[in-house]
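This note is addressed to a colleague meeting the structure for the first time. Please keep the sequence and the model side by side while going through the numbered points.

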Amino acid sequence: MTFSGRAAPAPDAGPDAGAVWHYGDPLGEQRAMADAAVVVDRSHRPVLTLTGDDRKTWLHSLTTQHVSDLPDGAVTENLSLDGQGRVEDHWVQTELGGVTYLDTESARGEALLSYLRKMVFWSDVTVEPADLAVLSLLGPRLADATVLEALGVGSLPAERTAVALPDGGFLRRLKTTELDLVVPRDQVERWRQRLGDAGVRPAGVWAYEAHRVAALRPRLGVDTDERTIPHEVGWIGPAVHLDKGCYRGQETVARVHNLGKPPRMLVLLHLDGSTDRPATGDPVLAGGRAVGRLGTVIDHVDEGLVALALLKRGLPADTELTVAGVPAVIDADSMPAPDVAGAGRRAVERLRGGTR
């Protein structure tokens with residue numbers, strides 16, 4: 001299977017500018033992702049490397065995840081917060097062969113590099129951009145013998161682990177049906193051809209984004225804004241460890257966890273696709289009043305036009321909503337679980353006689 005010459009570029013104004021949006025059959029690519037295996041070129045995603053004996057303890061002190069003793073081959077997510085606990089950066093982190101690899105959004109690569117370099121001070125840490133590209137493989141057929149042979153492995157790595165590749169780079173497994181090849185850029189075409197020969201279909205970032213949205217996974221700078229805290233978008237756990245030492249923004253993380261009830265929640269919206277579609281950042285209205293903001297908007301092969309949205313916490317699932325004049329319905333299955341009061345809130349309620 002070869003890569004089609006009908007590659008359509010991603011919108012210039014979007015976060016994936018420079019990537020392939022689709023190869024002529026975007027919904028077919030999504031169907032192949034659900035039924036077989038596809039590869040998505042996400043090489044516009046920058047990769048940084050951290051080297052030096054202090055890299056893990058140093059990064060641990062700056063970020064939300066517990067990474068001071070990550071074992072070789074570990075994969076996790078991580079965040080950098082501002083002083084008020086609002087998310088500034090999100091990345092996927094891989095520890096392998098004495099190097100810590102971070103890959104992040106294309107719009108944040110330079111900013112993250114600059115921030116980390118400014119924070120080194122006297123630590124034995126070197127932060128550098130890496131000439132590596134991310135190729136994402138998705139689908140239920142990734143463990144087929146032909147795919148494993150193309151990847152050069154006898155079996156897939158365990159979830160949240162990575163293995164080194166003989167010619168450089170590494171293969172990591174994020175979830176059951178998701179892999180990333182992080183490889184030298186001069187090897188990208190060879191890898192794409194090898195995977196194509198093994199029956200892995202090329203897909204554009206449209207298919208990847210549709211999958212991500214349906215899985216209710218937020219994207220920095222698209223589904224988040226300048227006020228977003230980790231609790232609102234499901235990053236507590238995957239990217240935030242609640243039992244670690246001090247870091248910038250920790251007070252907000254601890255307070256919201258202890259008292260409960262973050263101000264907003266991330267949900268999936270079903271939109272009326274028969275009219276002009278709304279755009280990322282548009283206000284979501286209920287009865288003419290703003291109750292949130294729209295994130296990623298995407299056409300899904302099974303769900304139709306859908307979007308992620310940050311809405312006011314506690315808004316009922318049956319609330320009638322509109323976005324830019326387009327009717328929107330909350331997917332009830334995407335609603336977060338009811339708030340469970342932490343110890344701090346329970347203490348406050350006891351002092352108030354349990355009236356709240």
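1. A convenient place to begin is K175, which stands opposite E178 in β12. Strands β11 and β12 (residues 178-184) pair in the antiparallel sense, and five bridges join them. The model is a predicted one, and the points below should be read with that in mind.

2. Strands β11 and β12 belong to an open sheet of six strands with mixed pairing, in the order β10-β11-β12-β9-β3-β13. The edges are formed by β10 (161-164) and β13 (201-203), each of which pairs on one side only. With direction ignored, neighbouring strands of this sheet are turned by 25° against each other on average. Helix α1 (residues 26-35) packs on the sheet, where it touches β3 (38-41), β9 (132-138) and β13. The direction of α1 makes about 125° with that of β13.

3. The aromatic residues deserve a separate look. A pair of aromatic rings is described by the distance of the centres and the angle of the planes. The count of such pairs comes to three. One of them is formed by Y101 and F170; this pair is tilted, with 4.9 Å from centre to centre and 55° between the planes. Y101 lies in strand β7 (residues 99-104) and F170 in strand β11 (residues 170-175), so the pair ties together parts that are 69 residues apart in sequence. Are these two residues buried or exposed? Y101 has a relative accessible area of 16% and is buried; F170 is also buried, with a value of 2%.

4. A contact between a charge and a ring may be noted as well. The charged end of R194 sits over the ring of W191, at 4.5 Å from the centre of that ring.

5. The next element to examine is strand β5 (residues 75-81). Why can β5 be called largely enclosed by the rest of the structure? Seven of its seven residues are buried, and the strand is therefore largely enclosed. V75, E77, L79 and L81 point one way from β5, while T76, N78 and S80 point the other way; all are buried.

6. Strand β5 pairs with strand β6 (residues 87-96) in the antiparallel sense over seven bridges. N78 has W91 of β6 as its bridge partner. Five residues lie between the two strands of this hairpin, and G85 takes a positive phi near 80° there.

7. Helix α3 (residues 109-118) shows a clear division between its sides. Its buried residues are G109, L112, L113, Y115 and L116. Seen down the axis of α3, these buried residues fall within an arc of 165°, so they line one face of the helix. An α-helix has 3.6 residues a turn, so residues three or four places apart point the same way. The face turned away from the buried side of α3 carries the exposed residues E110 and K118. The cover over the buried residues of α3 includes β4 (47-51), α2 (55-62), β5, β6, β7 and β8 (126-130).

8. V120 is found in the loop between α3 and β8. Its relative accessibility is 12%, and V120 therefore counts as buried. Which residues does V120 contact, leaving aside its neighbours within four places in sequence? They are W58, V125 and V127. V120 and Q187, by contrast, are 32 Å apart in space, C-alpha to C-alpha, and 67 residues apart in sequence.

9. A second arrangement of strands is a barrel. Six strands close into it in the order β14-β17-β16-β15-β18-β19, and their pairing is antiparallel. The twist from one strand to the next averages 40°. Within the barrel, strand β15 (residues 283-286) pairs with strand β16 (residues 289-300) over four bridges. V284 has G292 of β16 as its bridge partner.

10. Helix α6 (residues 205-214) packs on the sheet of the barrel and touches β14 (264-271), β16 and β17 (304-312). The direction of α6 makes about 135° with that of β16. Eight of the 10 residues of α6 are buried, so the helix is largely enclosed by the rest of the structure. The buried residues are V205, W206, A207, Y208, E209, A210, R212 and V213. Just after α6, L216 takes a positive phi of about 60°.

Note on methods
Residues numbered from 1 in each chain as written. Predicted model: local features only at pLDDT ≥ 70, side-chain atom pairs only at ≥ 80, totals over all residues. Heavy atoms only, no water. Pairing = 2+ DSSP bridges. Axes fitted to C-alpha atoms, helices over the stretch in contact; angles between N-to-C directions. Contact = heavy atoms within 4.5 Å. Buried < 20%, exposed > 50% of the residue type's maximum accessible area, 1.4 Å probe, protein only. Phe/Tyr/Trp six-rings, centres within 6.5 Å; stacked < 30°, edge-to-face > 60°. Lys NZ or Arg CZ within 6 Å of the ring centre and 35° of its normal. Arc of directions from axis to C-beta.
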